[in-house]
Amino acid sequence: MSVVGFDFGNENCLVAVARQRGIDVVLNDESNRETPAIVCFGDKQRFIGTAGAASTMMNPKNSISQIKRLIGRQFSDPELQRDIKSLPFSVTEGPDGYPLIHANYLGEVRAFTPTQVMGMMLSNLKGIAEKNLNAAVVDCCIGIPVYFTDLQRRAVLDAATIAGLHPLHLIHETTATALAYGIYKTDLPENEPLNVAFIDIGHASMQVCIAGFKKGQLKVLSHGFDRSLGGRDFDEALFHHFATKFKDEYKIDVSQNAKASLRLRAACEKVKKVLSANPVAPLNIECLMDEKDVRGVIKREEFEEISIPILERVKRPLEKALSDAGLTVEDVHMVEVVGSGSRVPAMIKILTEFFGKEPRRTMNASECVSRGCALQCAILSPTFKVREFQVHESFPFSISLAWKGAASDAQNGGAENQQSTIVFPKGNLIPSVKALTFYRSGTFSVDVQYSDVKDLHAPPKISTYTNGPFQSSKGERSKLKVKVRLNLHGVVSVESATLLEEEEVEVPVSKEKSQETAKMDTDKASAEAAPASGDSDVNMQDAKETTDATSTENGVPESADKPVQMETDSKAEAPKKKVKKTNVPLSEVVYGALKSLEVEKAVEKEFEMALQDRVMEETKDRKNAVESYVYDMRNKLSDKYQEYIIDSEREAFLAKLQEVEDWLYEDGEDETKGVYLAKLDELKKVGDPVEVRYKESLERGSVIDQLGYCI
Ligand code: ATP
Ligand code: K
Ligand code: MG
């Protein structure tokens, strides 16, 4: 089993692996730790990661970046609309209302879903891990922003499937950071927790997490975020600054030219980085547009001046995280900043002002998320022994279950009244399972939805589950237990619907049996609700809450409707009653998610594209082999092979080599793998005998030497 962590960033991705001696961030083919999140589509193949970044300038319209911004969002999402305005590639609305990315690939324009493109990127990262571990990688942990919706989480899981990965845990990026921070600490307090605020400023978003650390554990207390506040906003401010300036000074409008825009944006990002360490930064671009060279310069003060609207937004997520945690700034003992976007000095100034203390940078700001992910994967893996450290994760949204009144209530107008109850309130532990009891006479459905869609940018309804049909043996209405799960990835689903029928059982022996079953059930439920702490209180309390709501709806006395308590009661007081449990068929519709057939198709497509990439890479290798044979042989023919080939043959061979070299740059520039292989063989037919003669003479020479030495 592989133990790998992936940090999939808007701009940069990192891969960390667990080895016996610890966690390592591994290098990609170009010996970089960071791999750009870019997929570039070409005429013959795709270029992904660093290769994709290298192709961007030459092929901007087919270089897909900012994939994390597009995944799992509706096309109408205002943030997506804003984002695609500055993207050089084409994004349109698909028939399902979700975005489609268009790129010219293998000579024709093709459409890809953001999930597919993320799959391509993940597949590249998987390859990096495999090369370093020299083993297949399937199991892994992937970091996701805490603000990712249910659909976005599902999209990441689908992208992972497309890449041939199996995520054991989609972990919140800030939690991964907190884990990487806490697990190595040997001086954590026993009683009063150490409260640490983690602030991650990435390329496109900002996340805050306040966590309480005690010996051997961390508890996430609250989250804050701004989905659209990150390093790129500074690039954008600089871009507008210089674009306006150049319009005046050089009469050029870069917004009318995709390549010029891309180049100016890239130059602005550099200026921003220079300003992090220097008081002024120059900006010079040759031949930006209309054959004009442009020059500019900006001081840090001026940069901070134009950044005020961005900087003003930093406080809000901080305030929200504090108030949700019920803490004041004095209660926060330490502030840790991570994410490369935080290297802007003005950012640190604001954080210092807000917390009244200097933020620290004890973590590796770009690597901590991937390291935390690898650590979490190691914790979940049986092959690694990791220091005992518990993570109590908290869910950032409130999730409700909604349903219509029971069918028999319809006559009284009851069907009209849509009912709902919060199943997982904001801050709920992840993972968690809740049970709700329904009294129904036939098939019924329940909706899973967000309780509060204010600044969520997602439709309220997540999914609908239809439970039934079922046959009840007696009575009009049957009692059904519906189990809802918030899984490790923060994805909510209805897991099962069970028909519960009480049967009179005469035989007293069954008492113990029924006790056992009931007990096991309760244990299981509480273990699922709070695996880390084994704190069964959480589950009991929550079960009671949901009970109140369902009982009101059905007009059933509260006492008759306490799912967990009911089971406890049956074991204590009703030895003669046995509950017969029957699974009820369950069908699921998740709005906007890929169907499993679509995922399967995408897996096949990815396989084809990967094969094409591999064939092209091999073709390139074969072509390079011919080329280097030509150069190498030419050198040797005028050097050490000179005496092993007669002059006329050498001249003929040299002419042949020249002919092949010319061919490589003309007719043979773009041939198939087989043609290059044949060409190399053709040359070797002439060259090999020379090489053999040379080697034989070497061996003879060495025998003589040895003999001479003996004498
Ligand atoms: P996200 O977390 O939003 O998914 P990411 O993880 O890819 O994105 P990071 O790699 O943490 O983002 O940060 C990238 C941002 O940091 C870019 O906007 C980049 O320009 C910026 N950045 C990198 N180095 C510096 C620097 N020296 N000074 C200022 N900004 C920098
Ligand atoms: K990153
Ligand atoms: Mg990041």
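**Exercises on ligand 1 and the pockets**

An oxygen atom of ligand 1 is placed 3.2 Å from a polar backbone atom of Ala 204, a polar contact being a pair of N or O atoms within 3.5 Å. The model is predicted, so local features need pLDDT of at least 70 and side-chain atom pairs count only at pLDDT 80 or more, while totals for chains, interfaces and linings use all residues. Residues are numbered from 1 along each chain as its sequence is written, and side-chain values use heavy atoms, with hydrogens and water left out.

**Exercise 1.** Describe the surroundings of ligand 1, and state which domains it lies between.

*Solution.* Begin with further contacts: an oxygen atom of ligand 1 is 2.9 Å from a polar backbone atom of Ser 340, and an oxygen atom of the ligand is 2.7 Å from an N or O atom in the side chain of Lys 272. Next take the cover: of the 650 Å² of accessible area that ligand 1 has on its own, the protein covers 91% (Shrake-Rupley method, 1.4 Å probe).

Then list the shell, where a residue is near if one of its heavy atoms lies within 4 Å: there are 20 residues around ligand 1, and among those that come nearest are Lys 68, His 203 and Glu 269. The largest share of this shell, four residues, comes from α8, helices being DSSP runs (H or I) of at least four residues and strands (E) of at least two. Finally, domain 1 (4-186 + 348-388) and domain 2 (231-311) both give residues to the shell, so ligand 1 lies between them; the domain bounds come from an automatic or database assignment.

**Exercise 2.** Characterise the largest pocket by its volume, its lining residues and its main contributing element.

*Solution.* The space in the largest pocket is about 1500 Å³; a pocket is an open set of points on a 1 Å grid where a 1.4 Å probe fits, with protein on both sides within 12 Å along at least five of seven lines, and lining residues have an atom within 4 Å of a point. Of its 46 lining residues, those closest to the centre include Asp 235, Arg 265 and Glu 269. The helix α8 gives the most to this lining, with 12 residues.

**Exercise 3.** Locate the second largest pocket relative to the domains.

*Solution.* Its volume is about 880 Å³, and Ile 48 and Asp 613 are among the residues closest to its centre. Both domain 1 and domain 4 (598-710) give residues to the lining of this pocket, so the pocket lies between them.

Technical notes
Chains are lettered from A and ligands numbered from 1 in the order in which they are written. A polar contact is a pair of N or O atoms within 3.5 Å; within protein, one must be able to donate a hydrogen and the other to accept it, and residues adjacent in sequence count only if both atoms are side-chain atoms. Grid points are joined across faces, edges and corners, and a volume is the space filled by probe spheres set on the points.
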